[in-house]
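Got your viewer open and a selection box ready? Here's a quick walk through a couple of pockets and a bit of surface.

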Amino acid sequence: MKGVLLFGVGTLIVLLFPNNVKFKYQFERGQPWRYEELVAPFDFPIKKAEEELVAERDELLQNFSPYYELDYGIGKTAVQQFKTEFQQQLQQSETQEQFQDVTRRPDAYREFGTTLLNKLFNEGIVKIREEDEEREKEFVIQIVKGGFTERQTLEQVIRPEDARDFLGDTLPYSQLSEPEFLFPILENTIRPNVYYSDTLTQRFKEDLLAGVVTSRGRVSKGELIIPKGGVVTDEIYQKLLSFREQYEKEITEKQSSRGVLIGYIILTFLLLSIFVTYLQNFAPEVFNKNKQLVFVALWLVAFSYLTFLVEKSGVLSPYLIPFGIVPIVIKAFYTDRLALFVHLIIVLFASFITSQGYEFTFIQILVGIIVVLSNIDTRNWSRFFYSMLFIFLTYALSYVGLELIRDGSLRDLNLTFFAWTGLNVLLTLLAYPLIPLFERFFSFISPITLIELSDLNRPLLQKLATKAPGTLQHSLQVANLSEAAAREIGADHLLVKVAALYHDIGKTLKPEYFIENQSGQNPHEDIDDLTSAKTIIEHVTEGVKIAQKAKLPDILINFIKTHHGTTKVEYFYRKHLKEHPDSTVDESEFRYPGPLPRTKEETIMMLADSIEAACKSLKDPTEKELMAFIDKIIQHKATQGQLDDSAMTFKELEACTKVFKKIMRSVHHLRIEYPEEEKQQ
């Protein structure tokens, strides 16, 4: 899907470029030839079918042996290490009067050990890569030793463990009186000096594949390829494919316009490749979701065609086009960096189409940078208009600067430029209504909407305040905790704050069953544990229904679904077990439906919700008790697997925990315990 989408974007943009000549024949395998008889206008080779080439290449690669390379430097280093350690052990033996034969004739022992190591390292101690370890023992590898290559099976090669076994088998028969002196020193120097070489393997593999003949036979000039009405058989089909390839090559060489077009195609798909690479590495949340990828790609096509139409009109100036809309709208939903990057790609595409030259590209790139740096806030109209002023000043000053560079004076200043850019800035104001439009169409949520939803006078929050005031206070505390933690790790603090306000709206149906709203009789005392658990769990499922009915954004509904994950209603579950020790308990009846939190924001709110609610049960805790209690809550969530799907890292979790502790310390009005002053002597 992604490949088709991006290829379609590239194709739509390429269609805007001039002289888009195509092969004039269309044909299909097994179908009749709809044109006059086709005679070859030049000689060309008949290419083999792709499946045939793949089969030949696969057959060659099936018996291909990977290449390993012997590094003589490793052996030399190891031998030198042996000599150094030998001398150290010799001196220690002389001091402790041990290994007397070694101390009498050290040269014999040193020489024997050196010879043994040289033999092993010259033969090669091989480190087999993991995928080759799984092969049969008869599998052959190529070992490059200096200027020659040696073929060995996996059974024949010497591995580090084989080298150590060789030492153990050889030393007892060395005719040395005290060979045990050498063994630990030699064993310590054993290491692989033959490693898999990807460079050599790929080079020889490419050489092998390059030898595959890609064609079979030729078609001579004047030879009939297919008669009129003839059927496109497999053989003819391959001839036609080969002819088309050669034809396009011949036309490209003869027509300079085709060469220009090919240049445009190369640059177009180069830009798209860079664009895709950026999204994969720095904006995976866009690349991995088709709807969001369509949203971003739509801007590339829309502004390319807008530039084409303006250029083709001959009346309008490309400076009329409000390129500043792009970073403004994208910033409302994503990061500044993505907004600027998309703007740059769009401007580069537009520069291929327009005839304005490098000045146009320079000015538009500069405008995009100013849009990002000015931190346009669509929630604040006065600030938004000031930003429009900055954009106009950027156009004006950059144009004046370029004119001074070009002519050294302002005598030829084109005043219509200021008129076009003035209209440009007015059109940029369209970004404001476009944001809610795209928000609804692509299921996004913007800061504008979040600010509106955070108003406590909204119907759902008003209902929460009226029917479940204790729950509202709890939600406000969770919002404060969540917002502070999100700011600490760079998550979307506004989103998680608003989500916290709505996460418990399901409690408005039966507010008296939740402890924060109780002031008298506890209704759970009159029902069984299973019914109590069901009632508690329903605040999630019913909350989702209420949110959907109120048409809250899906991203906020996800917070309602995930804020308890798949945890159990522990109190009633354990109470039920205690009261029914002999019965079989269906644990799923006491468990929230989930799913688990996935985003950092969902994880933050789940933790904040649990911490805020649980810490209320503590009465006058010490700082140590409170901190330990918070750690216990988070650890419990982790051990239950509630954080398994979360995008949050351990480092971010630790940072959030510190924020939770700091705020909860203030909520419980804990004071620092100062040590008592030491008495004066």
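By class, how many nonpolar, polar and charged residues are in the lining of the largest pocket? The lining has 18 nonpolar, ten polar and 14 charged residues. Keep in mind as you click around that this is a predicted model.

To see that pocket, start from its middle. It holds about 1800 Å³ of space. Select Phe333, Tyr334, Asp492, Leu495 and Glu601: of the 42 lining residues, these are the closest to the centre of the largest pocket.

Now colour the helices around it. H12 (284–287), H13 (290–313), H14 (325–333), H20 (447–453), H23 (493–502), H25 (554–562) and H27 (600–615) each supply at least two residues of the lining of the largest pocket.

Next stop: the second largest pocket, with about 1300 Å³ of space. Pick Ile515, Tyr571, Ser610, Ala613 and Ala614, which are the closest to its centre among 32 lining residues. Show H24 (529–549), H26 (570–579), H27 and H28 (623–639) too, since each of these elements gives two or more residues to the lining of the second largest pocket. H28 has the largest share, with five residues. By class, this lining splits into twelve nonpolar, eleven polar and nine charged residues.

Last, head for the surface. Select Tyr386, Leu389, Phe390, Leu393 and Leu397, and you have a nonpolar patch of about 520 Å². Tyr386 sits in helix H17 (residues 381–407). Is Tyr386 buried or exposed? Tyr386 counts as exposed because its relative accessible area is 53%, and the cut-off for exposed is over 50%.

Technical notes: Residues are numbered from 1 along each chain as its sequence is written. This is a predicted model: local features need pLDDT of at least 70, side-chain atom pairs count only at pLDDT 80 or more; totals for chains, interfaces and linings use all residues. Side-chain values use heavy atoms; hydrogens and water are left out. Patches are made of residues with over 30% relative accessible area and no salt bridge: like charges are joined within 9 Å, nonpolar side chains (Val, Leu, Ile, Met, Phe, Trp, Tyr) within 5 Å. Accessible areas come from the Shrake-Rupley method with a 1.4 Å probe; for residues, only the protein chains shown count as cover. A salt bridge is a side-chain nitrogen of Lys or Arg within 4 Å of a carboxyl oxygen of Asp or Glu. Helices (H or I, at least four residues) and strands (E, at least two) are DSSP runs, numbered from the N terminus. Buried means under 20% relative accessible area, exposed over 50%, partly exposed in between (1.4 Å probe, protein chains only). On a 1 Å grid over the protein atoms alone, a cavity is a set of points where a 1.4 Å probe fits but cannot get out, and a pocket is an open set with protein on both sides within 12 Å along at least five of seven lines; lining residues have an atom within 4 Å of a point. Grid points are joined across faces, edges and corners, and a volume is the space filled by probe spheres set on the points. Ala, Val, Leu, Ile, Met, Phe, Trp, Tyr, Cys and Pro count as nonpolar, Asp, Glu, Lys and Arg as charged, and the others, Gly among them, as polar.
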